[in-house]
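Trainee: Could you take me through one part of this model closely, namely the pairing of charged side chains? I would like the reasoning laid out step by step.

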Amino acid sequence: MAKKVGEQVLQQRLPYFGAPGGTDASSYIVKSPDMQVIVFGPGNITAHQVNEYVDLDMYGRFIEIYQKMITELLA
């Protein structure tokens, strides 16, 4: 659903891929191993650098994506 909504709002194809690194999700799935988790948010190649930033336009579009995803989940 995130891929579908994201592609609609961003008007581009979004790939599925695994990435190294950690998130708090590793703590959640210990107690709920069937929980489905994704990492999906705005970003660019500056992640985890001194000059890290997110474009304001992309930030706003992800707010729209999250609103549409929550609406679809609760429908």
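Mentor: A salt bridge here is a side-chain nitrogen of Lys or Arg within 4 Å of a carboxyl oxygen of Asp or Glu, and in this predicted model the count by that rule comes to four salt bridges. One of them joins the side chains of Glu7 and Lys3, with 2.7 Å from N to O; because Glu7 and Lys3 are four residues apart in helix H1 (residues 2–10), about one helical turn separates them. Glu7 is partly exposed at 24% relative accessibility, and Lys3 is likewise partly exposed, with a relative accessible area of 21%.

Helix H3, which spans residues 56–74, holds a pair with similar spacing: the side chains of Arg61 and Asp57 meet in a salt bridge at 3.2 Å, N to O, and these two residues, four apart in helix H3, are again separated by about one helical turn. Arg61 has a relative accessible area of 26% and is partly exposed.

The side chains of Lys4 and Glu72 form another salt bridge, at 2.9 Å from N to O. Lys4 lies in helix H1 and Glu72 in helix H3, so this pair ties together parts that are 68 residues apart in sequence. Glu72 counts as partly exposed, at 35% relative accessibility.

Helix H3 is also the place of Tyr66, which is partly exposed with a relative accessible area of 33%. Together with Met1, Ile70, Leu73 and Leu74, Tyr66 makes a nonpolar surface patch of about 530 Å².

Technical notes
Residues are numbered from 1 along each chain as its sequence is written. This is a predicted model: local features need pLDDT of at least 70, side-chain atom pairs count only at pLDDT 80 or more; totals for chains, interfaces and linings use all residues. Side-chain values use heavy atoms; hydrogens and water are left out. Patches are made of residues with over 30% relative accessible area and no salt bridge: like charges are joined within 9 Å, nonpolar side chains (Val, Leu, Ile, Met, Phe, Trp, Tyr) within 5 Å. Accessible areas come from the Shrake-Rupley method with a 1.4 Å probe; for residues, only the protein chains shown count as cover. Buried means under 20% relative accessible area, exposed over 50%, partly exposed in between (1.4 Å probe, protein chains only).
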